[in-house]
Amino acid sequence: MIDMTVLGLLGLLTLFVLLALRMPVALSMLGVGFVGTIIANANKFINVGMGADQAWARGWKIAYSNLAGETFEAASNFNLLVIPMFVLMGNLAGVSGMSNDLFNAAYRWMGHLRGGLASATIAACAGFAALSGSSLASAVTMGRVALPEMKRYKYSDSLATGAVAAGGTLGFLIPPSGGMIIYAVLTEQSIGRLFMAGVFPGIILTLLFIGAIYIVVSRNPEAGPRGERSGRAERMASLGRAAPILGVVLVTIGGMYTGFFTPVEASSVGAFFTLLIAIWRRSLTLSAARTVILQTMNATATVFLIIIGAFVFIPFMSLTELPADLVILLTSLPIGDVGVLLVIILAYMFLGMFLESMAMLVLTIPVVIPIAIGLDWDLIWFGIIIVIVLEMGMISPPVGINVFIVKSIAPDVPMSTIFRGIWPFWFAMAAMIGLLILFPQIALFLPQTIVGG
């Protein structure tokens, strides 16, 4: 017999060991959750006087039943249709040249300012995030467009690469966010309400990033020289070319916020309109279509496998009662609600140094959500904070995934230079978290105003 809390701690330790050995996070959670469910149930039956052989047989039976049931529940969840649709939408936007039009429009309006190209990169990343919902797609797509331009204007490598790496993280916050979708499914929150909650924080964080660039170039003007000033006709023409993108975002996201579409319908409509634009531009060749379909299937399968792993792992954690014990421990500390929140944020920052953001999200939800519920926090507001902390992990050394993405695009720039360039943006994210703690309505105003509650 084994204490349930000890079993939970052993399960987490085993999970981290498997991750350190480079085993995929989905399979790690699936394996630990399955084996842990067997042990936890067998232990429970032995405690009530059942024979060991019969108890272990019952444990295996329950574990298999849980594996089959949770897999079917995850795969048949209607709300998860938004994932392949928004991924498809982002991939179609990439092959149709929309990203180039976005960057060109931002450059025409902001490029003549000091650090304007870096600011234009942030603005374009924010726009592309509203199409793709992926931080990696935003970093890769905009990096390929923006980095050569910043190199041509002799921007410092640290500012140029830092702006691309940080700008890419906006894809995790600005709707439609893949991270928010998974958070919503795992916590049984409304996807639409989470998307609404991400609007104002996404806009404010974009402005904070641009403010961080302004501070950097004010201290070192050579880091971000001014570009060419575009005339009014060029600016308006660039907006005209970017109009299809803005139209798709307006129809998709606007229709969802006004209640005309559900999130699932909005994702399908957005993907359909993006497909029409790609066909109209004659950019969707057979080769490009094949690439888009394969990339969409690969990304969707990866996300669904992670969700299935989480659906198996979460019931195991509930059986061990470890989350409940943590709730009791943290709520008994004399540090108040804000103190507990800061402890959680610091724990996320630490984990972000070693774990990929999606993995960290599904691993920690079973532990932190009971704490949030126990302290009566609004889970929509808490979800936005978690998403921003995960964004910080995307650019934190030594495993900031967006930094490695930028490194693959700019192989001549040392990793140390890229990491040096992300710190102004990292502190901008920390400031955004501070604003959300002080003013929760930044995230809650839209959901409460439009949906109510």
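## Two loop residues with positive phi

In this predicted model, Glu188 is exposed, because its relative accessible area of 72% is over the 50% that marks an exposed residue. Glu188 is placed in the loop that runs between helix H9 (178-187) and helix H10 (191-197), and although Glu188 is not a glycine, its phi is positive, at about 60°.

Lys154 can be described in a similar way, residue by residue: Lys154 lies in the loop between helix H7 (135-152) and helix H8 (157-169), and Lys154 has a positive phi of about 60° without being a glycine. With a relative accessible area of 67%, Lys154 is exposed.

## Helix H13 and its buried side

Helix H13 covers residues 263-280, and at 1.5 Å a residue its 18 residues should span 26 Å, which agrees with the 26 Å that separates its end C-alpha atoms. The buried residues of H13 are Pro263, Val264, Ala266, Ser267, Gly270, Ala271, Thr274, Ile277 and Ala278. These residues lie on the same side of H13, because they cover an arc of only 160° around the axis. In an α-helix there are 3.6 residues a turn, so residues three or four places apart point the same way.

The partners of this buried set are several other helices, since the buried residues of H13 pack against helix H4 (82-95), helix H5 (98-110), H10 and helix H12 (232-257). After H13 comes Arg282, whose phi is positive and near 60°.

## Pro201 in helix H11

Is Pro201, in helix H11, buried or exposed? Pro201 has a relative accessibility of 0%, and therefore counts as buried; its place is in helix H11, which is made up of residues 199-219.

When neighbours within four places in sequence are left aside, Pro201 is in contact with Leu173, Ile384, Met432, Leu436, Ile442 and Ala443. One of these, Leu173, is 28 residues from Pro201 in sequence, while the two C-alpha atoms are 7.9 Å apart in space.

## The second largest pocket

The second largest pocket has a volume of about 540 Å³, and the elements that give two or more residues to its lining are H5, helix H6 (116-132), H11 and H12. H12 gives the most, with 9 residues.

In total, 25 residues line the second largest pocket, and those that lie nearest its centre are Ala123, Ala126, Gly127, Ala130 and Leu246. Sorted by class, the lining has 21 nonpolar and 4 polar residues, and no charged residues.

How values were computed
Residues are numbered from 1 along each chain as its sequence is written. This is a predicted model: local features need pLDDT of at least 70, side-chain atom pairs count only at pLDDT 80 or more; totals for chains, interfaces and linings use all residues. Side-chain values use heavy atoms; hydrogens and water are left out. Helices (H or I, at least four residues) and strands (E, at least two) are DSSP runs, numbered from the N terminus. Buried means under 20% relative accessible area, exposed over 50%, partly exposed in between (1.4 Å probe, protein chains only). Contact means heavy atoms within 4.5 Å. The expected span of a helix is 1.5 Å times one less than its number of residues. The arc is that of the directions from the helix axis to the C-beta atoms. On a 1 Å grid over the protein atoms alone, a cavity is a set of points where a 1.4 Å probe fits but cannot get out, and a pocket is an open set with protein on both sides within 12 Å along at least five of seven lines; lining residues have an atom within 4 Å of a point. Grid points are joined across faces, edges and corners, and a volume is the space filled by probe spheres set on the points. Ala, Val, Leu, Ile, Met, Phe, Trp, Tyr, Cys and Pro count as nonpolar, Asp, Glu, Lys and Arg as charged, and the others, Gly among them, as polar.
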